[in-house]
Amino acid sequence: MRKVSLFLSLFLFLGLTAGLLAQPANKRKLKPSDVYRLKNISSPQVSPEGKWVAYVVSTVDSAKNKRNADLWMISWDGKENIQLTHSPDGESQPRWSPDGKFLSFVSSRGDLDQSQIWLMDRRGGEARKLTDLKHELEDYAWSPDGKKILLEVKQLADTSTKKKVPDPIVTDRFKFKQDVQGYLQREPIHLYLLDVATKKIDTLTTGTYSETGAEWSPDGSQIAFVSNRTEDPDRNVNSDIWVMDAKPGATPKKITTWGGSDSQPRWSPDGRQIAYLRSSSEAYSMYGQSHLAVVAREGGTPKVLSQTLDRDVSNHRWTADGQALTTLVDDDRQSYVAQYDLKSGKMTKVASGERAFNYLELHSAGNWVTSVSEPHVPAELYALEGGKTRRLTHHHNEFVDGLQLAKVEGFTSKSKDGTQVSSLLFLPPGAGAPDASAPDAPAGKKLPLIVFIHGGPVAQDDWGFDLSRQMLAAAGYAVAAVNYRGSNGRGLAYTGAINADWGNLEVVDLLGAVDYLVEKGIADPERLGIGGWSYGGILTNAAIATDTRFKAAASGAGVSFQLSMYGVDQYILQNENELGRPWEGIDKYLKVGFPLLHADRIKTPTLFMVGQKDFNVPAVGTEQMYQALKSLGVPTQLVIYPNQYHGITVPSYQKDRFERYINWFDKYLKP
């Protein structure tokens, strides 16, 4: 045991005491029922004159046990905040008419079979239904002159929703399953033009291929869209940018030829160029990046701006003068705002820090609307002016002000093979005391630790608000969020290191982070837990099959015998391209399937959870591991959430999951 001088002990004690006394008496710790209080803010849209920002606020209706979304708007100076809708049916996808007189939105008000576009006069009055679509509306956009609306509509195989006995599902698709959507039939998405005044709809595209991501040119004469028109789009990741005249009968022209994915076209203000995102590889890869590219509206050789950055970019937008592109960049635990000068190709950071930027929308020259999340503040809308943020909305004040939240710190550990791994540590409220050499350690008391693993795997834990880890920390645990190899934010080589080798290097990194926290006196080596959802569940299974140090585990929506998932999950392209076709060889499948094949090595009591209708990582993967541990006599329990997909969306189930996490870890880590 490390000896601590009397002076240092006194210093740590006084630091802890002062921290506890500094906590307001009326504040409490986070608890599972707080899921009912957390809101979600999305879809900000700037009015044409720039005075207002419309957006969507999702809240929980506890009586109906579901979320409901309403439209709000806030003035650019932040002084006026108005709720525009109060219906129980939910509204989404707000769009301003170009003259700013109307705000349109999508809703299934009145128990409609399909969601429709509605128009609301911003001067007041009830919204009126604009469309009567028989098929499924995916997206829409006003024409620059405000006379037409461009529609993206999925052609449903069966539009009847009132049959007592559904028809058999028939498909001949290569990829025939997708979470939430279910079994996939041939239901292409096509483009249509709606005349706002007459409500007449003209067809722009037909056929077996889909057209998505459509956007008007600034003068309204053309439309850019995304389409995969290869022989069988299910068998590859190709998509290209196409341009067509905005009139029925026009012939689309393909303007990009990359074998991989080209997506999200954005017209330059003068209409001469189109910015878009291009995949880093022409072949399929789970571990690729998106690069920012620009091409002339007629086509030709594109200019790839971010190719040497070696980081993912997203949410690209043109500046008002068309001389630069602003985008979000995922970098080591951050998501920052950057700008690329079109002529020089030079990138400059606009705004960064220990926070996560999630959205960008142009307001005016040099000014943007963005969404920002911080360690102790869920996402809110901000004005970004000259690189400085100014908070606009305050929907989470009531949620945050009454809570004692975990302290969040960054730390870097070294894995046994020398790899540097960046992570975050969540400490229970009041548990920390200053330490210049390491994340805050508890004063003379080691904490039970939970390694809570992010999914993906191509994702990262960043400085944004994290409800799950805050919840576990509130229950008295130090919680580690480890950006293991396979995560993004550290470059292609770091992300792709786990290709066809799941559960190996990631576990090395997870264990290295645990070793670091134990060595620093933060984590109690006798009270270690591990858990996660999706790929976090997969790695939980791999970790407990590799190392017996964990005294409790919670594995959600995972799989540990991928061979059994061939043709069962939604990842047919990844299965065939990364692991191969089973009849041509199963060595790679068996390699990544070691947690089930070596389940006899597992000694850790494990809670398994999954959604009943999960097509992403189907329930069978969770059930297999539960059955194995039950057969071996290892303490275990299986929880199936009825009618839930990969993501658990019913509020009472979200609360239940947090309660089960805490109860399970308490049982084994706090005896």
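**Close-up views of a predicted model**

**View 1. A salt bridge between Lys163 and Asp167.** Lys163 counts as partly exposed, because its relative accessibility is 40%. The model shown here, and in every view below, is a predicted one. Asp167 also counts as partly exposed, at 41% relative accessibility. The two side chains meet in a salt bridge, with 2.5 Å from N to O. Side chains of opposite charge can pair when their charged atoms come close. How many salt bridges does the count give? The count comes to 33 salt bridges.

**View 2. Arg173 paired with Asp234.** The closest N and O atoms of this salt bridge are 2.7 Å apart. Arg173 sits in the loop between β11 and β12 (177-178), and Asp234 sits in the loop between β17 (222-227) and β18 (240-245), so the pair ties together parts that are 61 residues apart in sequence. Is Asp234 buried or exposed? At 12% relative accessibility, Asp234 counts as buried, since the cut-off for buried is under 20%. Arg173 is partly exposed, at 22%.

**View 3. Arg391 paired with Glu380.** In this salt bridge the closest N and O atoms lie 3.1 Å apart. Arg391 belongs to strand β31 (residues 388-391) and Glu380 to strand β30 (residues 377-385), so the pair ties together parts that are eleven residues apart in sequence. Arg391 is partly exposed, with a relative accessible area of 24%. Glu380 is buried, at 0% relative accessibility. Elsewhere, Arg28, Asp34 and Arg37 are joined into one network by salt bridges that share partners.

**View 4. The second largest pocket and its lining.** This pocket has a volume of about 1400 Å³. Its lining is made up of 38 residues. Which of them lie nearest the centre of the pocket? They are Gln45, Trp142, Glu215, Trp216 and Glu361. Eight strands are worth tracing around this pocket: β2 (40-46), β6 (92-96), β10 (136-142), β11 (148-154), β16 (212-216), β20, β24 and β28 (356-364). Each of these strands supplies at least two residues of the lining. By type, the lining of the second largest pocket divides into 19 nonpolar, twelve polar and seven charged residues.

**View 5. Gln264 and Asn315, each with a positive phi.** Most residues other than glycine have a negative phi, and most peptide bonds are trans. Gln264 has a phi near 55°. Gln264 is placed in strand β20 (residues 262-267). Asn315 has a phi of about 55° and is not a glycine either. Where does Asn315 lie? Asn315 lies in strand β24 (residues 313-318). Both strands, β20 and β24, contribute to the lining of the second largest pocket. Gln264 is partly exposed, at 34% relative accessibility. Asn315 is buried, with a relative accessible area of 14%.

**View 6. A cis peptide bond from Gly456 to Pro457.** Omega is near 0° at this bond. Follow the chain from β35 (447-453) towards α3 (467-474) to find Pro457. Pro457 is in the loop between these two elements.

**View 7. The largest cavity.** Rolling a probe the size of a water molecule over the atoms shows where empty space is left. How many cavities of 30 Å³ or more does a search of the whole structure find? The search finds one. About 40 Å³ of space lies in the largest cavity. Its lining consists of Trp502, Gly503, Ile538, Ala542, Val559, Ser560, Val592, Phe594 and Pro595. Helices α6 (535-546) and α9 (594-597) each supply at least two of these residues. Seven lining residues are nonpolar, two are polar and none is charged.

**View 8. A nonpolar patch on the surface.** Three residues form the patch: Ile586, Leu590 and Leu597. Together they have about 220 Å² of accessible area. Leu597 is placed in helix α9. This helix also supplies at least two residues of the lining of the largest cavity. Leu597 counts as partly exposed, at 43% relative accessibility.

Key:
Residues are numbered from 1 along each chain as its sequence is written. This is a predicted model: local features need pLDDT of at least 70, side-chain atom pairs count only at pLDDT 80 or more; totals for chains, interfaces and linings use all residues. Side-chain values use heavy atoms; hydrogens and water are left out. On a 1 Å grid over the protein atoms alone, a cavity is a set of points where a 1.4 Å probe fits but cannot get out, and a pocket is an open set with protein on both sides within 12 Å along at least five of seven lines; lining residues have an atom within 4 Å of a point. Grid points are joined across faces, edges and corners, and a volume is the space filled by probe spheres set on the points. Helices (H or I, at least four residues) and strands (E, at least two) are DSSP runs, numbered from the N terminus. Ala, Val, Leu, Ile, Met, Phe, Trp, Tyr, Cys and Pro count as nonpolar, Asp, Glu, Lys and Arg as charged, and the others, Gly among them, as polar. Buried means under 20% relative accessible area, exposed over 50%, partly exposed in between (1.4 Å probe, protein chains only). Patches are made of residues with over 30% relative accessible area and no salt bridge: like charges are joined within 9 Å, nonpolar side chains (Val, Leu, Ile, Met, Phe, Trp, Tyr) within 5 Å. Accessible areas come from the Shrake-Rupley method with a 1.4 Å probe; for residues, only the protein chains shown count as cover. A salt bridge is a side-chain nitrogen of Lys or Arg within 4 Å of a carboxyl oxygen of Asp or Glu.
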